[in-house]
Amino acid sequence: MRSSQNGASCCDEPQKLLSLPFLVLFFQATCCNCYIAVFYCMEQWMAKINVAADVRGLLLAVLPCVVFFSRPLMTWLLFGRNATLAMICSILCSSLTLLFYPFIETTNAIPAIFCLRALQGFSLGVYSCCTVSLLVACIPHGQSARGFALFSLTLLLPYAILPAIGEELIAVLGNEARLFAVTSALALPALLTLPLLRAKLKNQAAATKKAAKAAKKAFMWKSLHPKDLGLIYLACLCFSIMTNEAIFFMKGLCQVIQALPAYFFTTYTSTIMLIRLLGNVLFDKLPRYPVMICCSMLLAACTWGMSQTQGSDLIWLSMIYGAGLGLLYPLLAALVCDRSSDTMRPVNSNIMMAAFDLSGFLAPMIGGIIVNAGLGYPAVFISTSISVTICGLCVCIDLLLQRRAHST
């Protein structure tokens, strides 16, 4: 656990979570996360331009795979440095790649999509690394769960909005690729708000500069040990495999069970937002391990139920799914944050995010293999149930190890 010798809080206003840097970062991240959420319909678009089913999963996985490999590198390179220029370049690059999708044709689809996904993956990896490092500097000690609960809305809001209006926009624009291109316009508000973060970026870099050399010489991956945070990272990986498979393959499942994608996306994101907005002040007071274990088991039952349901019954399952998701993620993230020293909070939080990145690579690959094997979309959701069950087991084992460590 974090020692009292870690030093002063890395936040400028220790008792205030909703500071100006936090709110600006929230707005900017919401805009940039639309670059990810818009790909909810990418599998169907690739099918329309005759990309083979066994390749679609691979192409979906390219972006998160590159993010996964670029994050450790950028964490190393940017630690203790001012990341303003890196954020500007990453936002511009992510936006520009979206503009090229309408020019992709069947004859050049696979190499073109691969290159664009790889380039955007690197850009998003850089941006996410900078954002996470800045975020943990804005969250006061004792408010980790609340901070992550609120900031997670930056990813939920795009998924709540884009799938709901995306189908209408596709009908107007003509195809999904043009929707991708239109989304690139969000770079403008993201870049216009960046100057408001300049002072915070400079202060955060100065605060960690003295410790940067020592931290790099220390074992950056020390927390991967099971007795440290290793099992929590594994729990994050399995949890995120579930969420990514649901996002990428829900539209396919809806075609099988005769339901609308909005039943799922709008319902579960609305439920999560309601829970995190109304209950965020209580998150840091909850008994973390019991709640995380119960949420894992609830999500396992819920995702299995989705594979067996029909039509509008998906709505109430999506509500339960959103409730479990709304609690589990911020508690996992807070556990990583609170068990890290001030110096290592950005590093360990980025390792946690790397686990989420890895799931973004594994989830579409697993789902693509299942679909390509002829097992169908319901089988994909059975696999998500297994994945989140493993998440709960990891949390149980970590609890036992922590109790044993404290008893000795």
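Is isoleucine 272 buried or exposed? Buried, with a relative accessible area of 0%. Hold on to that residue. We come back to it.

One caution before the tour. This is a predicted model.

The overall picture, then. The protein chain has 16 helices and 0 strands. It runs to 408 residues, and 58% of them count as buried. Now the contacts. Take those in the chain with a separation of 6 or more: residues 24 or more positions apart account for 88% of them.

Back to isoleucine 272. Its place is in helix H12. Who are its partners? Leaving out residues up to four places away in sequence, isoleucine 272 touches Leu156, Gly322, Leu325 and Gly326. Look at leucine 156. It is 116 residues from isoleucine 272 along the chain, yet the two C-alpha atoms are separated by 8.0 Å.

Leucine 229 gives another such case. It sits in the loop between helix H10 (198–217) and helix H11 (230–257). Leucine 229 is buried too, at 0% relative accessible area. Its C-alpha atom is 8.8 Å from that of asparagine 348, and 119 residues of chain lie between these two positions.

Next, a helix pair. Two packed helices are described by the angle between their axes and the distance between the axes. Here the pair is H7, residues 153–173, and H8, residues 176–183. The angle is about 110 degrees, and the axes are 8 Å apart. Angles of 65 to 115 degrees count as roughly perpendicular, so H7 and H8 are roughly perpendicular to each other. Which residues of H7 and H8 make the contact? From H7, they are Gly166, Leu169, Ile170 and Leu173. From H8, they are Glu176, Arg178, Leu179 and Val182. By class, the contact residues divide into 5 nonpolar, 1 polar and 2 charged.

Just before H7 in the numbering, look at helix H6, residues 144–151. How many of the 8 residues of H6 are buried? The count is 8 of the 8, so the helix is largely enclosed by the rest of the structure. The buried residues of H6 include Arg146, a serine at 144, and the phenylalanines Phe148 and Phe151. Ala145, Gly147, Ala149 and Leu150 are buried as well.

On to the rings. A pair of aromatic rings is described by the distance of the centres and the angle of the planes. The structure holds 15 aromatic pairs. I will show two.

Pair one is tryptophan 45 with tyrosine 101. The ring centres are 5.8 Å apart, with the planes at 75 degrees. Planes over 60 degrees apart count as edge-to-face, so this pair is edge-to-face. Tryptophan 45 lies in helix H2 (residues 42–48), and tyrosine 101 in the loop between helix H4 (84–98) and helix H5 (109–138). The pair therefore ties together parts that are 56 residues apart in sequence. Tryptophan 45 is buried, at 4% relative accessible area. Tyrosine 101 is buried as well, at 0%.

Pair two is phenylalanine 264 with tyrosine 321. Their centres are 5.4 Å apart and their planes at 50 degrees, so the pair is tilted. Phenylalanine 264 is in helix H12 (residues 261–279), and tyrosine 321 is in helix H14 (residues 314–338). Parts 57 residues apart in sequence are tied together by this pair. Phenylalanine 264 counts as buried at 0% relative accessibility. Tyrosine 321 is buried at 1%.

These two rings also belong to an aromatic cluster. Its members are Tyr40, Phe264, Phe265, Tyr268 and Tyr321.

One more ring, with a charge this time. The charged end of arginine 117 sits over the ring of phenylalanine 39. The distance to the ring centre is 4.7 Å.

Last stop: backbone angles. Most residues other than glycine have a negative phi, and most peptide bonds are trans. Now look at asparagine 50. Its phi is near 65 degrees, a positive value. It is in the loop between H2 and helix H3 (53–78). Is asparagine 50 buried or exposed? Exposed, at 60% relative accessibility.

Glutamine 258 also has a positive phi, near 60 degrees. This residue lies in the loop between H11 and H12. At 69% relative accessibility, glutamine 258 counts as exposed.

That is the tour.

Terms used. Residues are numbered from 1 along each chain as its sequence is written. This is a predicted model: local features need pLDDT of at least 70, side-chain atom pairs count only at pLDDT 80 or more; totals for chains, interfaces and linings use all residues. Side-chain values use heavy atoms; hydrogens and water are left out. Axes are lines fitted to C-alpha atoms, for helices over the stretch in contact, and angles run from 0 to 180 degrees between N-to-C directions. Helices (H or I, at least four residues) and strands (E, at least two) are DSSP runs, numbered from the N terminus. Angles under 35 degrees count as roughly parallel, over 145 as roughly antiparallel, 65 to 115 as roughly perpendicular and the rest as oblique. Contact means heavy atoms within 4.5 Å. Ala, Val, Leu, Ile, Met, Phe, Trp, Tyr, Cys and Pro count as nonpolar, Asp, Glu, Lys and Arg as charged, and the others, Gly among them, as polar. Rings of Phe, Tyr and Trp (its six-membered ring) pair if their centres lie within 6.5 Å; planes under 30 degrees apart count as stacked, over 60 as edge-to-face and the rest as tilted. Buried means under 20% relative accessible area, exposed over 50%, partly exposed in between (1.4 Å probe, protein chains only). A charge sits over a ring if NZ of Lys or CZ of Arg is within 6 Å of the ring centre and within 35 degrees of the ring normal.
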